[in-house]
Amino acid sequence: MIEIKGLTKYFGKKPVVEDVTVTIQPKTITSFIGPNGAGKSTLLSMVSRLLEADTGEVLLDKNNVKKMKSDSFAKRVAILKQSNHLNVRLTVRELVSFGRYPYSKGRLNEQDEMYVEQALAYMNLLDMQDKYLDELSGGQKQRAFISMVIAQDTEYILLDEPLNNLDMKHSVQIMKILRKLVDELGKTVVIVLHDINFASVYSDRIVALKDGRVVKDGPTKEIINPEALRDVYDMHIPVQEQNGCRICVYFNSHA
């Protein structure tokens, strides 16, 4: 379980995240949603130790993440940032192998290679594993980075807008894979999403942020309704049921 307690982050004098307290339940997908500038990515960065909080703490199974050794943290929590720039030329397989670094320190054994192979297969990348990243489309590259995170084989997977650069087919594919990781392998996934319909269809819980504060936090069905969504987005968002899923029809909505 991840407990976020009273997290606040200032950029200059402005609080970007303000006194956020949230509990991430194990073996679930929790989506952070909200308008631009709501503090979603900043909150995820503090949970993943990429950014230090000004106040508050993050506990991972009762342990303060700030006090955990980098190695033991990396064996429990994998993070995929929004933009991933590399200064070295790598093949897809070399990138995915980096996911094993907390265990192998660069010297992959048979078990490491097995995890790399599985992660490549999971993301349908075996046929392009020897291609260089700079030869790939944005979507293929994104899948390679997600494959690296899967190879890390952590209990907790934190993803900051992983559907960026992806077309519909690959977005659905990735959300289905994340769902599978939770349902079949018992992983815990926390994801920043812009598309509320992906959040609605694939999440167990939703945390909605606005102006750096949590405005809604609960099971998906409690959040995906017009009243709750108006509080988050300041607009009327009709919701329809389709195949047991709640779909937000916001593209033709009157505010």
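Strands S1 and S2 run antiparallel and are joined by seven bridges. I should say at once that we are looking at a predicted model. Within this pair, Phe11 of S1 has Lys14 as its bridge partner in S2. The two strands form a hairpin with two residues between them, and Gly12 there takes a positive phi near 70°.

Please stay with strand S1 for a moment. On its pairing with S4, the model shows five bridges, again in the antiparallel sense, between S1, residues 2-11, and S4, residues 55-60. Three of the partnerships may be followed on the screen. Ile2 is bridged to Leu60 of S4, Glu3 has Leu59 of S4 as its partner, and Lys5 is matched with Glu57 of S4.

How many of the 10 residues of S1 are buried? The count is seven, so S1 is largely enclosed by the rest of the structure.

From S4 we pass to S5. These two strands pair over two bridges, in the antiparallel sense. Leu60, which we met as the partner of Ile2, also stands opposite Asn63 in S5. S4 and S5 form a hairpin with two residues between them, and Asp61 in that turn has a positive phi of about 50°.

We can now assemble the sheet. In what order do its four strands lie? The order is S2-S1-S4-S5, in an open sheet with antiparallel pairing. Strand S2, residues 14-24, and strand S5, residues 63-64, stand at the edges; each has a single partner strand, so one side of each is left without a neighbour in the sheet.

A helix accompanies this sheet. Helix H1, residues 40-47, lies across S1, S2 and S4, and runs at about 120° to S1.

Before leaving the strands, I would draw your attention to backbone geometry. Most residues other than glycine have a negative phi. Asp19, which lies in strand S2, departs from that pattern, with a positive phi near 50°. Its relative accessible area is 49%, and Asp19 is therefore classed as partly exposed, the range for that class ending at 50%. Asp234 is another residue with a positive phi, about 55°, although it is not a glycine. Asp234 is found in the loop between helix H10, residues 226-233, and strand S11, residues 239-242. Is Asp234 buried or exposed? At 53% relative accessibility, Asp234 counts as exposed.

I turn now to the helices. Two packed helices are described by the angle between their axes and the distance between the axes. Helix H5, residues 110-122, and helix H6, residues 138-151, pack at an angle of about 140°, with their axes 8 Å apart. Angles over 145 degrees would count as roughly antiparallel; H5 and H6 are therefore oblique to each other. The crossing of H5 past H6 is right-handed.

Which residues make this contact? On the H5 side they are Tyr115, Val116, Ala119, Leu120 and Tyr122, and on the H6 side Ser147, Ile150 and Ala151. By class, the contact of H5 with H6 comprises seven nonpolar residues, one polar residue and no charged residue.

H6 has a further contact, with helix H7, residues 168-185. The axes of H6 and H7 come within 12 Å and cross at roughly 5°. That angle makes H6 roughly parallel to H7. Here Arg143, Ile146 and Ile150 of H6 meet His170, Gln173, Ile174, Ile177 and Leu181 of H7. The residues of this contact divide into five nonpolar, two polar and one charged. Ile150 thus appears in the contact with H5 and in the contact with H7.

My last residue is Ser171, which has its place in helix H7. How accessible is Ser171? Its relative accessibility is 4%, and Ser171 therefore counts as buried. Setting aside residues up to four places away in sequence, Ser171 touches Leu163, Leu166 and Phe198.

To draw the two parts together: the strands form an open sheet in the order S2-S1-S4-S5, with helix H1 lying across S1, S2 and S4. Among the helices, H6 packs obliquely with H5 and lies roughly parallel to H7.

Conventions. Residues numbered from 1 in each chain as written. Predicted model: local features only at pLDDT ≥ 70, side-chain atom pairs only at ≥ 80, totals over all residues. Heavy atoms only, no water. Pairing = 2+ DSSP bridges. Contact = heavy atoms within 4.5 Å. Axes fitted to C-alpha atoms, helices over the stretch in contact; angles between N-to-C directions. Parallel < 35°, antiparallel > 145°, perpendicular 65-115°, else oblique. Left-handed = near helix turned anticlockwise from the far one by under 90°. Nonpolar A, V, L, I, M, F, W, Y, C, P; charged D, E, K, R; others polar. Buried < 20%, exposed > 50% of the residue type's maximum accessible area, 1.4 Å probe, protein only.
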